[in-house]
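Hi,

Here is the structure I promised to pass on. Have a look at it first, and then read my notes below.

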Amino acid sequence: HVQLVESGGGSVQAGGSLRLSCVASGDTDRRGCMGWFRQAPGREREGIAAINRAGTTTYADSVKGRFTISRDNAKNTLYLQMDNLEPEDTAVYYCAAVDCARYTSLASLQPNTFTYWGQGTQVTVS
């Protein structure tokens, strides 16, 4: 079974930074491609960044230039570096993973692409 555990959320003032981490366990092949999503109260879950096994990244326009997704395969960890945070970034942030056989760049920010999900971590920007 694949398990994803996020950490690093918290409260920060506008313009500040946070780094989220997602530690993955379980079958490596089933979680080879990964992404970050967020969901604000009353809003749909939206994809913000994704990365394939080789490190090729995809970003939503709303975070491009401010957020950076990366991975350390030796540590089984996915990261999201968030800089220049805005109040609009306030949401619960989720780590997600999927077998790369089901992953394409075009659909990498769509929640339905992903099979496994973390529990979420709250990010509040004021």
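What follows is a short tour of what turned up, going from the whole chain down to single residues.

First, a caution: this is a predicted model, so please read everything below in that light.

**The overall picture**

You won't find a helix here: the protein has 0 helices and 11 strands. Reading from the N terminus, the elements simply go β-β-β-β-β-β-β-β-β-β-β. The C-alpha trace spans about 40 × 25 × 25 Å along its principal axes. How does the radius of gyration sit with a compact globule? For 126 residues such a globule would come out near 14 Å, and the protein has 13 Å, so the two agree.

Of the 126 residues, 44% are buried. The accessible surface comes to about 6,400 Å², and carbon and sulfur atoms account for 44% of that area. As for contacts, take those with a separation of 6 or more: 60% of them are between residues 24 or more positions apart.

**Charges and salt bridges**

On the charge side, there are 12 positive and 12 negative side chains, and the centres of the two sets lie 4 Å apart. The structure holds 5 salt bridges. What I'd look at here is a network of salt bridges that links R38, E46, R66, E86 and D89.

Start with D89 and R38. Their side chains meet in a salt bridge, with 2.9 Å from N to O. D89 is in the loop between β8 (77-82) and β9 (91-98), while R38 is in strand β4 (residues 33-39), so to speak a link between distant parts of the chain, 51 residues apart. Are these two residues buried or exposed? D89 has a relative accessibility of 1%, so it counts as buried, the cut-off being under 20%. R38 is buried too, because its relative accessible area is 5%.

D89 has a second partner in R66: that salt bridge has its closest N and O atoms 2.7 Å apart. Here the loop between β8 and β9, which holds D89, is tied to the loop between β6 and β7, which holds R66, so parts 23 residues apart in sequence are joined. Both D89 and R66 are buried; for R66 the relative accessibility is 10%.

R66 also forms a salt bridge with E86, where the closest N and O atoms are 3.9 Å apart. E86 lies in the loop between β8 and β9, and R66 in the one between β6 (57-59) and β7 (67-72), so this pair ties together parts that are 20 residues apart in sequence. E86 is partly exposed, because its relative accessible area is 31%.

**One more spot: A40**

Where does A40 lie? You'll find A40 in the loop between β4 and β5 (46-51). With 23% relative accessibility, A40 counts as partly exposed. Which residues does A40 touch, once its neighbours within four places in sequence are left aside? A40 is in contact with T90 and A91. The C-alpha atoms of A40 and V92 are separated by 6.3 Å, although the two residues are 52 apart along the chain.

If you open the model, I'd begin at D89, since from there you can follow the salt bridges to R38 and to R66, and then go on from R66 to E86.

Cheers

Conventions:
Residues numbered from 1 in each chain as written. Predicted model: local features only at pLDDT ≥ 70, side-chain atom pairs only at ≥ 80, totals over all residues. Heavy atoms only, no water. Helix = DSSP H or I, 4+ residues; strand = E, 2+ residues; numbered from the N terminus. Rg over C-alpha atoms; globule rule 2.2 N^0.38 Å. Buried < 20%, exposed > 50% of the residue type's maximum accessible area, 1.4 Å probe, protein only. Contact = heavy atoms within 4.5 Å. Areas by Shrake-Rupley, 256 points an atom, 1.4 Å probe, with all protein chains shown as cover. Lys, Arg positive; Asp, Glu negative; His and termini not counted. Charge placed at Lys NZ, Arg CZ, Asp CG, Glu CD. Salt bridge = Lys/Arg side-chain N within 4 Å of Asp/Glu carboxyl O.
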